[in-house]
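Please walk through this protein model from its surface to its interior, then along its charged pairs and its strands.

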Amino acid sequence: MSYTRRSLTFYDWWVLGISNRWIWKCPTEEIVKLYQEHISDNHLEVGVGTGYFLEKVLPVGKPRVALLDINRDCLEVAGARISEYRPEIHQENVLEPFPLPGAGYDSIAINYLLHCLPGNLEIKAGKVMDHLAPYLHDQGTLFGSTILGANIKRPLAASLLMKLYNKKGVFSNSQDSLGAVMGALSTRFKAFNVEVHGCVVLFWGKGIRDSYRQKLKGA
């Protein structure tokens, strides 16, 4: 889905206020906790939404924060929301290789990104992680969340809304499973964790595997 400035004005109310708690059964507070546990003062946010979570949890002081999204409207809205931190802005397609200037990051977030991307979850998650891994320090953490569409129990409202979103192209997650998330993390990180809340999986991976880093260097 391509968010516009108009649709972004409703994003926090509808997605973070209504949908998360009452439809996907994962209160936004759970995602805030994920950020609080894993964000660093050297952070890259991928798929930036409105900047809600960064505004809530960015460390005090002068953290380095960068925003990466294919959507210029999202970048401008999120950038304005956290303008006091002077975020670096990168308009890139995370499904394709891209260059980022400067040093790498200690934390990278891909929150509510994967279920919006087209294709098989194992493939799209692999592409996203492969393109971001060169910019993540060896002991850094990649974390995020995604809405699952397969092999989970869904309330009727969630089933109906998910079917509608997939039909309209807002989501592409009808076959997205927990196993695919775990597979993508386990092959790339020394430690990882997944935690399911309703239709949503919260996840993190920490410490890039040596074999995976070598594979990236040889690619």
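Pro118 counts as exposed because its relative accessibility is 55%, and the cut-off for that class is over 50%. The model is a predicted one. Pro118 belongs to the loop that runs between strand S4 (105-111) and helix H5 (121-132). Leaving aside residues up to four places away in sequence, Pro118 touches Leu95, Lys124 and Ser172. Its C-alpha lies 7.9 Å from that of Asn173, although 55 residues separate Pro118 and Asn173 in sequence.

From this loop, turn to the interior. The largest nonpolar core has 39 residues, and the members that touch the most other members are Trp24, Tyr35, Leu54, Tyr112 and Ile147. At least two residues of this core come from each of the following: helices H1 (5-23), H2 (28-38), H3 (52-57), H4 (72-81) and H6 (156-168), and strands S2 (64-69), S5 (136-147) and S7 (200-208). Helix H1 gives the most, with five residues.

Tyr112 shows which parts of the chain meet in this core. Not counting residues up to four places away in sequence, Tyr112 touches Tyr11, Val15, Asn20, Trp24, Ile31, Ser145, Thr146, Ile147 and Val200. Apart from the largest core lies another one, of 33 residues, which includes Leu44, Tyr105, Leu142 and Val201.

How are the buried residues of H2 placed around the helix axis? The residues in question are Thr28, Ile31, Val32, Leu34, Tyr35 and His38, which are buried in H2. They are on the same side of H2, because they cover an arc of only 155° around the axis. Gln36 and Glu37 are exposed residues on the face of H2 turned away from its buried side. The buried residues of H2 pack against helices H1 and H3, and against strand S1 (42-46), S4, S5 and S7.

The charged side chains come next. Side chains of opposite charge can pair when their charged atoms come close. In the whole structure, a search finds 11 salt bridges. One of them joins the side chains of Asp12 and Arg81, with an N to O distance of 2.8 Å. This pair links distant parts of the chain, since Asp12 is in helix H1 and Arg81 is in helix H4, 69 residues apart. Asp12 counts as partly exposed because its relative accessibility is 23%. Arg81 is also partly exposed, because its relative accessible area is 28%.

A salt bridge also forms between Glu29 and Arg21, whose closest N and O atoms are 3.0 Å apart. Glu29 has a relative accessibility of 42%, so Glu29 counts as partly exposed. Arg21 has a relative accessible area of 34%, so Arg21 is partly exposed.

Arg213 and Asp138 meet through their side chains in another salt bridge, at 2.7 Å from N to O. Here too the pair links distant parts of the chain: Arg213 is in helix H8 (residues 210-218) and Asp138 in strand S5, with their positions 75 residues apart. Are the two partners buried or exposed? Arg213 has a relative accessible area of 14%, so Arg213 is buried, given that buried means under 20%. Asp138, at 42%, is therefore partly exposed. Elsewhere, Arg5, Asp73 and Glu76 are joined into one network by salt bridges that share partners.

Asp138 leads to the strand that holds it. Strand S5 is largely enclosed by the rest of the structure, because nine of its 12 residues are buried. S5 pairs with S4 in the parallel sense, over six bridges. Within this pairing, Ala109 has Phe143 in S5 as its bridge partner. Between the two strands the chain crosses from S4 through H5 to S5, a β-α-β crossover that is right-handed.

S5 also pairs with S7, over seven bridges and in the antiparallel sense. In S7, Leu202 is the bridge partner of Ser145. Ser145 is also among the residues that Tyr112 touches. S5 thus appears in several parts of this account: S5 supplies at least two residues to the largest core, the buried residues of H2 pack against S5, and S5 pairs with S4 and with S7.

Definitions and conventions
Residues are numbered from 1 along each chain as its sequence is written. This is a predicted model: local features need pLDDT of at least 70, side-chain atom pairs count only at pLDDT 80 or more; totals for chains, interfaces and linings use all residues. Side-chain values use heavy atoms; hydrogens and water are left out. A nonpolar core is a set of buried Ala, Val, Leu, Ile, Met, Phe, Trp, Tyr and Cys residues joined through side-chain atoms within 4.5 Å. Buried means under 20% relative accessible area, exposed over 50%, partly exposed in between (1.4 Å probe, protein chains only). Helices (H or I, at least four residues) and strands (E, at least two) are DSSP runs, numbered from the N terminus. Contact means heavy atoms within 4.5 Å. The arc is that of the directions from the helix axis to the C-beta atoms. A salt bridge is a side-chain nitrogen of Lys or Arg within 4 Å of a carboxyl oxygen of Asp or Glu. Two strands pair if DSSP finds at least two bridges between them. A crossover is right-handed if, with the strands pointing away from the viewer, the path from the first strand over the helix to the second runs clockwise.
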